[in-house]
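Trainee: Could you take me through one part of this model slowly, and then set that part in the context of the rest of the chain?

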Amino acid sequence: MVKTAIFLGGGASAAAMAPVQADLFREYFRLVRDSDSVINSEMYREVTAYFATLFDIDITKNDVENLLFPTFEEALGILDLAVRRREALKDFDLENISKNSNRIGFLRQYLVLLMAAVLDYKSSDPRDLHCSMIQGLERAGLLMDTTFITTNYDTLIDDALARVPFYQIDYGIDFINLNPNYASSSAGSVKLYKIHGSLNWLYCPTCNTISLTTKEKGIIRLLEDMKNSDCKRCQSVMLPVIVPPTFFKDMSNVFLSLVWNKAEQALLEVNRIIFCGYSFSDADMHIKYLMKRIQTNRVEPSSLHIYVINNHHGKNEHARISEKRRYTRFLGRLVEYTDLAFEDFVNDPASYFHTFH
Ligand SMILES: [Zn+2]
């Protein structure tokens with residue numbers, strides 16, 4: 001049996017919902033404008049002040065639609081560099097002996113939570129692309145031989161897997177709030193490794209445990225209901241496990257390390273990897289490192305076939321050519337760069353499994 005890994009990048013989520021990542025701040029202020037709810041007033045105040053002071057953007061006086069926002073990577077990247085260099089920014093300090101210090105530290109957390117709130121709000125798959133993929137694989141009996149690896153924090157793929165009866169999701173880590181044997185009564189568990197974290201994980205830094213919030217996204221609970229987002233065991237405030245898109249990716253969380261290790265072990269066993277909606281960007285050095293390891297640390301390096309499905313309507317030829325070059329210069333000639341879009345693949349994944357090696 002051919003074992004397969006499906007690697008989902010941002011493009012797979014973008015195909016399902018409106019592409020929010022590129023215009024995250026505008027989406028957030030639209031959300032605030034249209035819902036009369038600021039989600040978290042302290043967060044709103046600090047983010048607004050940051051844009052006013054460092055980017056000369058006055059949210060209160062201008063129409064959100066006409067403002068030019070920095071990218072999320074830029075807004076967070078400046079704060080990350082200040083922390084690394086132990087320097088302060090105008091009106092934004094690091095921790096010092098004054099009681100209300102470390103505005104930078106708070107702001108970094110707010111930006112990550114803001115991103116989570118926007119993703120959660122937008123997180124729906126009206127065309128059921130993820131469901132269609134999962135159900136297609138299940139009908140063809142291919143689900144158990146498929147490992148899913150995703151860089152997305154949204155729960156589109158989790159929700160699609162949860163809708164298939166008798167299967168459980170194996171995230172590669174043990175959640176403190178779930179019985180470790182919870183999967184044993186099911187037909188099987190499907191491996192889903194979320195290598196940049198997930199909106200429905202909450203981490204207790206004191207107990208060093210992680211919880212899975214099944215009925216809601218735990219991160220949203222942090223914003224809306226602080227009192228009930230304490231660790232049940234030690235009452236510490238829980239933290240999100242999310243590696244935001246920034247130049248300095250911090251992957252040091254112990255549970256993320258476990259997930260990366262599980263992903264590596266699983267990828268060593270597969271004969272093919274299908275990249276969906278992933279552009280193999282220059283900034284993702286950790287992923288390139290992982291791919292090079294699993295490609296070369298196997299008995300027969302030539303047994304691994306790699307397929308790329310990342311086309312979309314209106315994608316220009318120049319973008320396609322440079323993306324194809326990125327993949328092949330790093331992974332070699334065994335890469336097959338298809339002209340398929342994620343929508344094409346999910347329609348009938350089993351038939352593509354048969355035509356691919
Ligand atoms: Zn705790």
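Mentor: What follows is a close look at one helix pair, then at the domains, and lastly at a single loop residue. Since this is a predicted model, each statement below describes the prediction. The axes of helix 3 (residues 41-55) and helix 5 (residues 103-122) come within 10 Å and cross at roughly 105°, and because angles of 65 to 115 degrees count as roughly perpendicular, helix 3 is described as roughly perpendicular to helix 5. On the helix 3 side the contact is made by M43, E46, V47 and Y50, while helix 5 contributes F106, L107, Y110, L113 and L114; sorted by class, this contact has eight nonpolar, no polar and one charged residues.

To widen the view, the domain assignment gives domain 1 as 4-17 + 125-196 + 246-355, domain 2 as 21-122 and domain 3 as 197-242. The centres of domain 2 and domain 3, taken over C-alpha atoms, are separated by 21 Å, and eight residues of domain 2 are in contact with nine residues of domain 3, the domain 2 side of that contact having six nonpolar, one polar and one charged residues.

Turning to the single residue, N311 lies in the loop between strand 9 (305-309) and helix 11 (317-331), and N311 counts as buried because it has 21 C-beta neighbours inside 10 Å, where the cut-off is 20 or more. Leaving aside residues up to four places away in sequence, N311 touches D339, L340 and A341, and the C-alpha atoms of N311 and Y337, two residues 26 apart in sequence, are 9.5 Å apart in space.

Methods. Residues numbered from 1 in each chain as written. Predicted model: local features only at pLDDT ≥ 70, side-chain atom pairs only at ≥ 80, totals over all residues. Helix = DSSP H or I, 4+ residues; strand = E, 2+ residues; numbered from the N terminus. Buried ≥ 20, exposed ≤ 12 C-beta atoms within 10 Å, placed from the backbone. Contact = placed C-beta atoms within 7 Å. Domains from an automatic or database assignment. Nonpolar A, V, L, I, M, F, W, Y, C, P; charged D, E, K, R; others polar. Axes fitted to C-alpha atoms, helices over the stretch in contact; angles between N-to-C directions. Parallel < 35°, antiparallel > 145°, perpendicular 65-115°, else oblique.
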